[in-house]
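Work through the exercises below with the coordinates open. Try each task before reading its solution.

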Number of protein chains: 2
Amino acid sequence: MKIYGHNGKVLRVDLSNRAITEEELPEIMYRRYLGGGALSLYYLLKELKPSVDPLGPENMLIFAASAVTGTPALGFSRFTVAAKSPITGAFGEAEAGGWWGPELKFSGFDAIIIKGKANKPVYLWIHNGKAELREASHLWGQLARETQETIRKELGDEKIRIALIGPGGEKLVKFACILNELKHANGRTGLGAVMGAKNLKAIAVRGNKKMSLYDPERVREIVKRVLETYKENPGTLGEVGTARGVMPLNADGILPTRNFTSGSFEKAEDICGETMRDTILVGRGTCYACAVRCKREVKVDEPYKVDPIYGGPEYETIAALGSLCGIGDLKALALANQICGAYTIDTISTGTTIAFAMECFEKGIITKKDTGGIELKFGNVEAMLQMVEQIGKREGFGNLLAEGVKIAAEKIGKDAQEFAMHVKGLPLPLHEPRGKTGVGLGYALSPTGADHLEIPHDPFFESEAGLKGILPLGIIEPLSAYDLSSRKVRMFMYLQQLYNLFNSIGLCIFTANPFGPLSINNVVDYTNAVTGWDTSLWELMKVGERHSNMSRIFNLREGFTSKDDCLPDRFFQSLEGGTLKGKKIYFQEFQQAVKTYYQMMGWDENGFPLKGKLEELELEWAYGPRPS
Amino acid sequence: MKIYGHNGKVLRVDLSNRAITEEELPEIMYRRYLGGGALSLYYLLKELKPSVDPLGPENMLIFAASAVTGTPALGFSRFTVAAKSPITGAFGEAEAGGWWGPELKFSGFDAIIIKGKANKPVYLWIHNGKAELREASHLWGQLARETQETIRKELGDEKIRIALIGPGGEKLVKFACILNELKHANGRTGLGAVMGAKNLKAIAVRGNKKMSLYDPERVREIVKRVLETYKENPGTLGEVGTARGVMPLNADGILPTRNFTSGSFEKAEDICGETMRDTILVGRGTCYACAVRCKREVKVDEPYKVDPIYGGPEYETIAALGSLCGIGDLKALALANQICGAYTIDTISTGTTIAFAMECFEKGIITKKDTGGIELKFGNVEAMLQMVEQIGKREGFGNLLAEGVKIAAEKIGKDAQEFAMHVKGLPLPLHEPRGKTGVGLGYALSPTGADHLEIPHDPFFESEAGLKGILPLGIIEPLSAYDLSSRKVRMFMYLQQLYNLFNSIGLCIFTANPFGPLSINNVVDYTNAVTGWDTSLWELMKVGERHSNMSRIFNLREGFTSKDDCLPDRFFQSLEGGTLKGKKIYFQEFQQAVKTYYQMMGWDENGFPLKGKLEELELEWAYGPRPS
């Protein structure tokens, strides 16, 4: 049978014995799991034993594109990296855009499953259906940029796409990320550390295989229509970037500030996307086949040197290292972004962890004795920059912070723990749940911990606007961002499944409804035109539901319980500052919402998926004994 | 706001005080319930008190078309009648095709809600937005044909479409049906008796309002494409009719024969669709806008007179009054069909009830003394014809059988009960669950009792073929018709929701996939083109799920429990004859399947919908105290 849109091939690499094999993946697997997160979960549940050390050779590391990655429509550039996360001990997944995912497809494979640990540093080179492990001892210790340049040079091709780690990953910073093209990060859950622990410095891909399309004419038609839709209504994302959110969030009192004590920041305007556009922006980057060009390229000459090759800070980075640390210096944020890139550490976790330390310092729980003389106060630009570098190098006080807020707080002591803003160990991203209750549910119920790509993180979504085609928007009453009724739970659950679908098919939320030109029905049409399937949104949403159930089982196997579906205490207390001052989430109401979510999901009162629900999703194989 | 595809108006009639009012129905109601069964359930749950006498004035009777009825595509001609059923005491619904549903829309209304009871016979006349109750004493006692002719004559318009009852409905035969155009029946659950109990002889509709279309060009395009698809592959339904099933079912050993004792009938060929085509067929009828023309028109001159005006027997009629009664005389079946039409009694229930009596007679449980001298044996043509007429007239032994198999068996005595083939009181339709396990689940789990329009009733469906676009058919292993694993339960549950959707949007299963040219994605496209919505299959399937949950709650309120989700004992015993001789359903396995279904549905172990599931479906208003 001819296959369309994908290669039908997975590469398996065992680093311990340097064995590389190919595996055929039958069509049904693409139909049932699509790729990305759902496909990764399938392999993790089938092949990873519970309770292994995430940084030991037993952990698996999966890179997965999807059934449609590398085909012509905008938005489908993303791929997933997944493993057991070293920062949470739970399911870890992170997506990235750029060109790496499509290039993996062109190289002849749809996914890579890595096991074991190399006895010395290596990198993986995949080229037109062939794969080899190459020595990387000379690359070990190199920053991201040098690593990319060296590999491209020694392989003699400037167009090789490389997913790599810098020293942060090598040194097992618990929230190390993986970077491709030096700007696109599989940011969260510490997957760069898993790569480092395996002595795997990089994966370089290149190929000239084009994906077959089932109905090329229809594909062209859809691509054309989507592009026209975009041109008619381009919005501001391309022009201002993701940091366009800073000013409206600040005005709404939900720009996380000084470790989530306030929701408005007096220097917001200094760090917003519009200011970036008008000052340090020198170019706009993009991803494979995308017309939006939301990525930033910034250049700073003084007081620091910042090179556009590392792109520029996203909203999350600006809020994490900026408002959350009380810092209103855009050039410093550009530099911090570059350091994070060079060392491949997650900007979100880095910012949230430093903000935690700053609050501890301000409250006197830690002192200059702990920080090696650094005055680690909110707003101290130099202190922030030093800390970012120390984390990347695992030096000084940064070595403690490199463990993430949860472990750092445990080591500092009991008094520090109330300032550690994390769920399941994952440092919070930059969305204030007291002004967006769906975000609160997302933080508590995301299998990866508090994760901005597993949740409805924009106030716009809180009005259910993300669910066009799923709910009768424009007809029903708009939903309030403060609502925490069953209707909000439903909105969250539907959006979560939609996001899971996006994270499995490799689709960027900024190109899909409501931000982008791709409607939900476009996604269905396009998938059918590429693959020759007769799928529907109904079937595609089931992939999202499958994802939620598999990740739940992964975490239950690892010992997580419904007690872990919670929020930091701070959110049940009043916001101390900003236009939303006084707002809080009511604990009882929140707990009720979590229980309602379980029922909506077909899970029991302890959050265990019921056997019948798993059977409905053809996941009966994943049902196991319930931990006591 | 301009509305498309529908009138946005419901007519309310209180027969007790002859009050007629109009009610605006907001767009959201169409989006959430579409029409038909789901919309009817909404009103029944909101306005009908539990435990009322189904034949008392408190019962409601609802006629409902849908948001798209009366628009140009083939297949969408059907409408629902719903009430508390007098034969089951449970939710009662029945659909019919023809022209009545579209004409109701043209008359200015989308649905009619009838309450109370007229103090003497009336009929309802709706004409271009106006409605009036007219005296019908002169029509009382008239057969269906005379009733239609008289009303058309007195209103002076031959094109008036009339839904009516004959003497069977007037005399409260528990399985009386409602007929339109003398050939299209809202057949099951005894709704004709509800009409009779209300002294409502008929509803005549006429109008020239055309439905506005949101995107007329796209509608034309879809209609054209669907018609072309049909012409390319017309199948045999138009040529042979629904009775094309007789021979293959007989060969497979699943043609219900002699009250479900056997699955093959020695005279099958004499009563099959092909024989009908080659002998008594004189014309082919159809429904509004439909090119398939599956309806039969038969003429017999001797030994009986059968007029084509009553159409001709469907598969269900042929098997119920034919093989199930051991009768292989097609002309006699044509006559029986005509008598059932004239008296408006359900052919299925009539046949199953007579077959029950025949088995009782053969086993000596009843004798000629009971039957008034009739030799009520399997295969006795004259006896069958006499019984049909007696039931229609509620005369002689027929008066007992007019209560349906359940009550008749109770009255005859304990020995008779094992031969009473019903679920929840509804006599079985003509599908053998021992050779199609999904049918068994359908019988047990249909809210209306054993009902051929609530279940996957064709062996073709048992292979999941009905779920094209919902499951990855052609990729997964075909499912066996004898399977009763969780996969079969899932297939049943998905199909049930799809059928509920069809029964709410008024779509005929014979025009939709896999029998007809309409694919599931066509249904979505078409609905959007007509209404201007941006709905998806996901949202439409939720209407089906809503239907299942509302009907479940209806029945729970009436005192039904999980014990009623069962099959007659006979199916847990071996088939006595036919090519499938020896086949049975295993009781434990069947019970497990029912429990699995509950879990898949988000219901508790007693089959109560969980609060969270109802909240997900925006049915939280329907959640009430659980009966103890």
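Two strands count as paired if DSSP finds at least two bridges between them. Keep that cut-off for the first exercise. The model is predicted.

**Exercise 1. Strand pairing around β9(B)**

Task: Find which strands of chain B pair with β9(B), and in which sense.

Solution.
- Step 1. Start with β12(B), residues 200–206. Four bridges join β9(B) to β12(B), in the antiparallel sense.
- Step 2. Pick one bridge of that pair. Ala163(B) has Ile203(B) as its partner in β12(B).
- Step 3. Turn to β10(B). Two bridges join β9(B) to β10(B), again antiparallel. The cut-off is at least two bridges, so this counts as a pair.
- Step 4. Pick a bridge here too. Leu164(B) is partnered by Leu179(B) in β10(B).
- Step 5. Check the side chains of β9(B), residues 161–164. Arg161(B) and Ala163(B) point one way, Ile162(B) and Leu164(B) the other. All four are buried.

**Exercise 2. Backbone outliers**

Task: Locate two cis peptide bonds and two non-glycine residues with positive phi.

Solution.
- Step 1. Scan omega in chain A. The bond from Asn513(A) to Pro514(A) is cis, with omega near 5°. Pro514(A) sits in the loop between α21 (486–505) and α22 (520–531) of chain A.
- Step 2. Scan omega in chain B. Glu302(B) and Pro303(B) are joined by a cis bond, omega about 5°. The loop between β14 (295–298) and α11 (315–321) of chain B holds Pro303(B).
- Step 3. Scan phi. Arg293(A) has phi near 55°, and so does Glu181(B).
- Step 4. Place them. Arg293(A) is in the loop between β13 (281–285) and β14 (295–298) of chain A. Glu181(B) is in the loop between β10 (178–180) and β11 (184–186) of chain B.
- Step 5. Are they buried or exposed? Arg293(A) is partly exposed, at 36% relative accessible area. Glu181(B) is buried, at 11%.

**Exercise 3. A buried asparagine**

Task: Describe the surroundings of Asn549(B).

Solution.
- Step 1. Asn549(B) belongs to helix α22 (residues 537–557) of chain B.
- Step 2. Its relative accessibility is 0%, under the 20% cut-off, so Asn549(B) counts as buried.
- Step 3. List contacts, leaving out residues up to four places away in sequence. Asn549(B) touches Met601(B), Trp603(B), Pro609(B), Lys613(B), Leu614(B), Leu617(B) and Leu619(B).

**Exercise 4. Symmetry and interface**

Task: Work out how chain B relates to chain A, and what joins them.

Solution.
- Step 1. Superpose. A rotation of 180° with 0.0 Å of shift along its axis puts chain B on chain A, at RMSD 0.0 Å. That is therefore the relation of a two-fold axis. Trp538(B) has the C-alpha of chain B nearest the axis, at 2.1 Å.
- Step 2. Compare the two sides. 100% of the interface residues of chain B are also interface residues in chain A, so the copies meet through the same surface.
- Step 3. Count residues and area. 34 residues of chain B contact 34 of chain A. The chains bury about 3300 Å² between them, 56% of it on carbon and sulfur atoms. Ile475(B), Trp538(B) and Gln599(B) supply 21% of the area chain B buries, more than any other three residues.
- Step 4. Check polar terms. The interface has four salt bridges. One of them links Arg490(B) to Glu618(A), with the closest N and O atoms 2.9 Å apart. There are also 14 residue pairs in polar contact across the interface.
- Step 5. Assign elements. α22(B) gives the most to the side of chain B that touches chain A, with five residues.

Methods. Residues are numbered from 1 along each chain as its sequence is written. Chains are lettered from A and ligands numbered from 1 in the order in which they are written. This is a predicted model: local features need pLDDT of at least 70, side-chain atom pairs count only at pLDDT 80 or more; totals for chains, interfaces and linings use all residues. Side-chain values use heavy atoms; hydrogens and water are left out. Buried means under 20% relative accessible area, exposed over 50%, partly exposed in between (1.4 Å probe, protein chains only). Contact means heavy atoms within 4.5 Å. Copies are superposed by least squares on the C-alpha atoms of residues with pLDDT of at least 70 in both. Buried area is the accessible area (1.4 Å probe) that two parts lose on being put together, summed over both. A salt bridge is a side-chain nitrogen of Lys or Arg within 4 Å of a carboxyl oxygen of Asp or Glu. A polar contact is a pair of N or O atoms within 3.5 Å; within protein, one must be able to donate a hydrogen and the other to accept it, and residues adjacent in sequence count only if both atoms are side-chain atoms.
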